[in-house]
Amino acid sequence: MTGGQVPATPEPVKTAVSLPPVRGKLIAQAILAPYTWFRVGGPADWLFLPADADDLAEFLKQLDPAIPVTVLGVGSNVIVRDGGIEGVVVRLMGKAWGNVEAEDGISLSAGAGALDLSVAKAAAENGIKGLEFLSGIPGSLGGATRTNAGCYGKELRDALVSLQGIRRDGSRIVYRGPGRPGALPEAHFSYRHTDLPDDLIVTRLLLEGNDTGAPADILADIEALQKRRSETQPIREKTSGSTFANPDPPGTPNQRSAWKLIDAAGCRGLRVGGAQVSELHCNFLINTGDATAADLETLGETVRTRVLDHSGVQLRWEVRRIGRPA
């Protein structure tokens with residue numbers, strides 16, 4: 001089971017099923033490829049775009065528990081399989097989910113649908129330092145929370161004060177960040193992982209920087225990070241974030257770097273159908289134009305096999321693969 005999928009019975013859901021009324025949008029047989037950075041994937045039985053947290057909570061409360069629910073953020077770190085996704089796919093988009101508000105001091109709150117880059121820039125514009133690293137993470141805050149995403153030496157958990165979420169039954173819960181004081185339950189994180197319940201949909205976060213500074217200087221730092229990213233990652237391609245997580249210690253430094261392991265196994269530029277391992281950064285898969293989800297997943301598994309054969313290291317997918325094969 002992947003991080004964003006809620007456990008449910010395996011019977012296929014027909015689009016004729018009766019669903020609760022909503023204030024947002026419910027779209028039957030919605031093609032999901034345009035909603036993912038890879039631009040691949042089949043349809044969702046239903047795509048739900050909730051108007052706000054109340055709309056989402058009430059929908060989940062009334063929804064038949066047998067119907068599976070899958071959360072899709074901005075699709076930056078996911079392969080939706082060619083057969084589509086059973087049940088209801090929830091996507092948090094629009095002003096209600098993407099707004100960012102500065103709080104007192106060095107804190108700000110943001111909806112789970114806010115882009116990580118937008119959050120970093122909003123912090124900078126309010127003179128908040130310490131959140132610049134978010135500018136290097138593709139996707140939205142909700143997805144970054146689920147994977148404890150990070151770069152440039154920092155992770156989401158380092159900045160998290162608290163988060164709000166809604167569970168599959170429509171109930172709401174608030175967690176405090178790791179090591180933060182208070183009586184709320186604590187969210188625990190590790191490298192590219194969190195122990196949050198599988199059925200929890202993260203809706204809003206409170207983040208904290210580490211200092212204040214001149215907005216122009218902080219924005220300049222973000223621009224420098226963006227330039228560095230554009231020079232080292234294939235961000236103008238149909239791609240995702242890093243395909244595989246760096247292996248955990250022990251091991252030599254080369255054995256703890258996914259891209260070095262992939263390169264050493266001779267996989268740079270490797271192709272399956274329309275999918276290719278990036279020549280620029282070989283921990284990225286790209287859709288060269290006509291790739292299917294099956295091409296991308298097969299290529300990823302081929303890379304994992306070659307790395308295992310060459311170095312004895314089993315790479316772990318960082319990109320989620322969800323849905324039904326064609």
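**Annotated site, helix α3 and a pocket in the predicted model**

An unreviewed UniProt entry lists Arg-192, Ser-242 and Glu-318 under "active site". These three positions span 127 residues in sequence, yet no two of their C-alpha atoms lie more than 11.1 Å apart, so they gather at one spot. The coordinates examined here come from a predicted model, and it is helpful to keep this in mind while following the site through the structure.

Arg-192 is a good place to start. This residue sits in the loop between β13 (189-190) and β14 (193-194). Its relative accessibility is 14%, and because buried means under 20%, Arg-192 counts as buried. Leaving aside residues up to four places away in sequence, Arg-192 touches Thr-147, Asn-148, Ala-149, Gly-150, Glu-155, Ala-245, Arg-316 and Glu-318. With one of these neighbours, Gly-150, there is also a polar approach: the backbone oxygen of Gly-150 lies 3.1 Å from a polar atom of the Arg-192 side chain.

Glu-318, which is among the contacts of Arg-192, likewise lies in a loop, here between β21 (316-317) and β22 (320-322). Glu-318 is buried, with a relative accessible area of 16%. Beyond residues up to four places away in sequence, the partners that Glu-318 touches are Asn-77, Arg-192, Ser-242, Thr-243, Phe-244 and Ala-245. Glu-318 thus contacts both of the other listed positions, Arg-192 and Ser-242. Ala-245 appears in the contacts of Arg-192 and again in those of Glu-318.

Attention now turns to helix α3, which covers residues 116-125. Its buried residues are Asp-116, Val-119, Ala-120, Ala-122, Ala-123 and Ala-124. An α-helix has 3.6 residues a turn, so residues three or four places apart point the same way. The cover over the buried residues of α3 includes strands β6 (100-102), β7 (107-111), β8 (128-129) and β15 (201-208), together with helices α4 (141-147) and α6 (215-232). After α3 comes Gly-127, which has a positive phi near 75°.

Strand β15 returns in the description of a pocket. The second largest pocket has a volume of about 180 Å³. It is lined by 13 residues, of which Ala-53, Gln-164, Arg-172, Thr-203 and Arg-204 are the closest to its centre. Two or more lining residues come from each of α2 (95-98), β11 (160-166), β12 (172-176) and β15. By class, this lining comprises 6 nonpolar, 4 polar and 3 charged residues. Strand β15 therefore contributes to the pocket lining as well as to the cover of α3.

Technical notes:
Residues are numbered from 1 along each chain as its sequence is written. This is a predicted model: local features need pLDDT of at least 70, side-chain atom pairs count only at pLDDT 80 or more; totals for chains, interfaces and linings use all residues. Side-chain values use heavy atoms; hydrogens and water are left out. UniProt positions are given in the numbering used here, feature names are shortened, and annotations may be inferred rather than shown by experiment. Helices (H or I, at least four residues) and strands (E, at least two) are DSSP runs, numbered from the N terminus. Buried means under 20% relative accessible area, exposed over 50%, partly exposed in between (1.4 Å probe, protein chains only). Contact means heavy atoms within 4.5 Å. A polar contact is a pair of N or O atoms within 3.5 Å; within protein, one must be able to donate a hydrogen and the other to accept it, and residues adjacent in sequence count only if both atoms are side-chain atoms. On a 1 Å grid over the protein atoms alone, a cavity is a set of points where a 1.4 Å probe fits but cannot get out, and a pocket is an open set with protein on both sides within 12 Å along at least five of seven lines; lining residues have an atom within 4 Å of a point. Grid points are joined across faces, edges and corners, and a volume is the space filled by probe spheres set on the points. Ala, Val, Leu, Ile, Met, Phe, Trp, Tyr, Cys and Pro count as nonpolar, Asp, Glu, Lys and Arg as charged, and the others, Gly among them, as polar.
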